[in-house]
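User: Please take a close look at one part of this model, the antiparallel sheet and the pocket beside its strands. Begin with a helix from elsewhere in the chain for orientation, and end with the other sheet.

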Amino acid sequence: MGKIRPGMLSEEAPDADGVSAGISPHNGENGFPACKRTPKISAAAAAEDEVSFLKSELEKYRRITSNIDEFLWSLTSEDGVEDVFYTESIKKVTGYTAEEVINMPGRGLALVHAADAFAVRKQLTDFENDPLQKTLRLQYRILNKSQETLWLKEEISAERDARGRIKCWDGIVLNITELKKTEEVLRKSQENLTGLNEAKDRFISIISHDLRAPFTSILGFAEILLFEQSLPEAEKHEYLNYIYESSQSQLKLVNYLLDWSRLQTGSVKFVPQRLKATTIVYNCVSSLTGNAIRKNIEIKVNVPESISIQADEKLITQAVTNLLSNAIKFTEENKSIEVTVNNFKKGFIEFTVKDEGVGISDANKRKIFHFDQKFSSEGTKGEKGTGLGLTLVKEIVEKHGGDIWFYSETGKGSEFHFIIPEAPNIVLLVEDDPPARSLWVKLVKKALPDFEIIETSNGYEAIGIIQEKVPSLVITDHSMPLMNGIQLIESMRKRDESNKIPVIVVAGTLTEELMEKYYVLGAEAILAKPVDVKEFMDALSVLIR
């Protein structure tokens, strides 16, 4: 057995792999000390591991910072030499690389928006010159590489020497553009709500007066009629007529208030549907013919038969009636009023009501359509008004996604215009047999060349299309898989309570029972297969017209 030399237990010798090993004693066999080799990393290998670890950590840092909307920077100054550093994520925020920013005159300050540049520079200067300050917070705008305006929030910390001079700057910069946009939206919303509340307060004050004022006279005349039994008949009739007219006016005011309130709160059931413009206009003219005849006013109507609108029938009728009623009210006897309807721009139809009336003064023009500046004036024959009619018209038009405006000159008359959506010209074909569907497409294109044709092979897809597109006409086969024609129309009517979408049904076998079911559901035409072309074309023409 070899001898152990002094110092051998602490000696280190490289093994075959170049890794040093220390020798440490432990009890071997028979109680004699034995030698154990303990591996130990060399200084070079340890340094290499440290570098590898730092590279890994740096890569993690780069990956994290490159995916966030902020960047870091630092600036150290020693003996007049500056060392500037920006994280790579500066490019994501500004559009510029770190190198591009470093080479700019003034570096990051070169990006600051002109409107904020002076204030930012002043704050930086004040911070640098105050030895007691260690942190600074800034908010400012910059122009990025695409010349878009961004809002940034920056927090700067400084390390100072014994004399208070800054030797090291560190900063973190966050992009707060979206936050600023949200703040601006909230600010405008707050201003709008404040304005609405103020306007409603003024409106309630005006309405309270208008509701209360007439009752003094109404009650006064009623009291005279009750207690003055000897009044002449002519005087009694005059007082009763006043009470009647005032009551009618108040009822109209209350109705307008209720309608306006329902529109404001969304409690009015809004059911837009395809409507003929001629039908709406002539119905409104008819309802006011008596008023026009009493003043010998001619109402001229110029509405193309081909124009259809997408509107709620009740609401749009009320809007046109209000405008026409005002025109009659403020037009002198033996004059005329003109109602015209024309295409405005793609997707919209323009209504115009023009009169030869007294016109609107410049002082009152700004009050039009503003419920908080309600004003009312008598008509040319003393007709009473509520002052809310035009406000209600504006609400109705805007409910339809339209717009309203007017022109007026004192002594010459007024001209009110409004636009609402045009009814889409769409025919939906529901047929699972491709050859039959192709025939229908050809016939529809020939009869209705300006209409869009949408095809589907089953009722389930048809329901989705009807909800989204609101077609002008549905043509469906009776016998289809999954959902037949009856089930399709039943589903349509549940969603279209007004039954305003016309339906043509084509069936292979027609029985009286089947036809009765379809007519009860509101089908406008029921045709037997094979389809008679003339009969089909006539049905199309009648329904679209």
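Analyst: In this predicted model, helix α12 covers residues 434-447, which makes 14 residues. From its first C-alpha to its last, α12 reaches 20 Å, close to the 20 Å expected at 1.5 Å a residue. The buried residues of α12 are Ala436, Arg437, Trp440, Val441, Leu443 and Val444.

Now the sheet you asked about. Five strands make up an open sheet, and their order is β5-β4-β8-β7-β6. The pairing in this sheet is antiparallel. Strands β5 and β6 are its edges, as each of them pairs on one side only. From one strand to the next, the twist averages 20°.

Strand β8 pairs with β4 and with β7, and the two pairings can be taken in turn. Between β4 and β8 there are seven bridges, in the antiparallel sense. Two positions show how residues face each other across this pair. Trp73 stands opposite Gly171 of β8, and Glu70 has Leu174 in β8 as its bridge partner.

On the other side of β8, nine bridges join this strand to β7, and the two run antiparallel. Here Ala158 has Trp169 in β8 as its bridge partner. Strands β7 and β8 also form a hairpin, with five residues between them. In the turn of that hairpin, Gly164 has a positive phi of about 90°.

Another residue of β8 is Val173. Is Val173 buried or exposed? Its relative accessibility is 1%, so Val173 counts as buried, the cut-off being under 20%. The C-alpha atom of Val173 is separated by 5.7 Å from that of Lys153, although the two residues are 20 apart along the chain.

Next comes the pocket. The second largest pocket holds about 670 Å³ of space. Its lining consists of 32 residues, and those closest to the pocket centre are Trp73, Gly106, Leu109, Leu124 and Trp169. Two of these have already appeared in the sheet: Trp73 as the residue opposite Gly171, and Trp169 as the bridge partner of Ala158.

Which elements give two or more residues to the lining of the second largest pocket? They are the strands β4 (70-78), β5 (81-86), β6 (135-143), β7 (149-160) and β8 (166-175), together with the helices α2 (90-94) and α4 (114-129). The five strands named there are those of the open antiparallel sheet. By class, the lining of this pocket has 21 nonpolar, five polar and six charged residues.

Last, the other sheet. This open sheet also has five strands, in the order β17-β16-β18-β19-β20, and its pairing is parallel. Its edge strands are β17 (452-456) and β20 (525-528), each of which pairs on one side only. The twist here averages 15° from one strand to the next. Within this sheet, strand β16 (residues 426-430) and strand β18 (residues 473-477) pair in the parallel sense over four bridges. Across that pair, Val427 stands opposite Leu473 in β18.

Methods. Residues are numbered from 1 along each chain as its sequence is written. This is a predicted model: local features need pLDDT of at least 70, side-chain atom pairs count only at pLDDT 80 or more; totals for chains, interfaces and linings use all residues. Side-chain values use heavy atoms; hydrogens and water are left out. The expected span of a helix is 1.5 Å times one less than its number of residues. Buried means under 20% relative accessible area, exposed over 50%, partly exposed in between (1.4 Å probe, protein chains only). On a 1 Å grid over the protein atoms alone, a cavity is a set of points where a 1.4 Å probe fits but cannot get out, and a pocket is an open set with protein on both sides within 12 Å along at least five of seven lines; lining residues have an atom within 4 Å of a point. Grid points are joined across faces, edges and corners, and a volume is the space filled by probe spheres set on the points. Ala, Val, Leu, Ile, Met, Phe, Trp, Tyr, Cys and Pro count as nonpolar, Asp, Glu, Lys and Arg as charged, and the others, Gly among them, as polar. Two strands pair if DSSP finds at least two bridges between them. Axes are lines fitted to C-alpha atoms, for helices over the stretch in contact, and angles run from 0 to 180 degrees between N-to-C directions.
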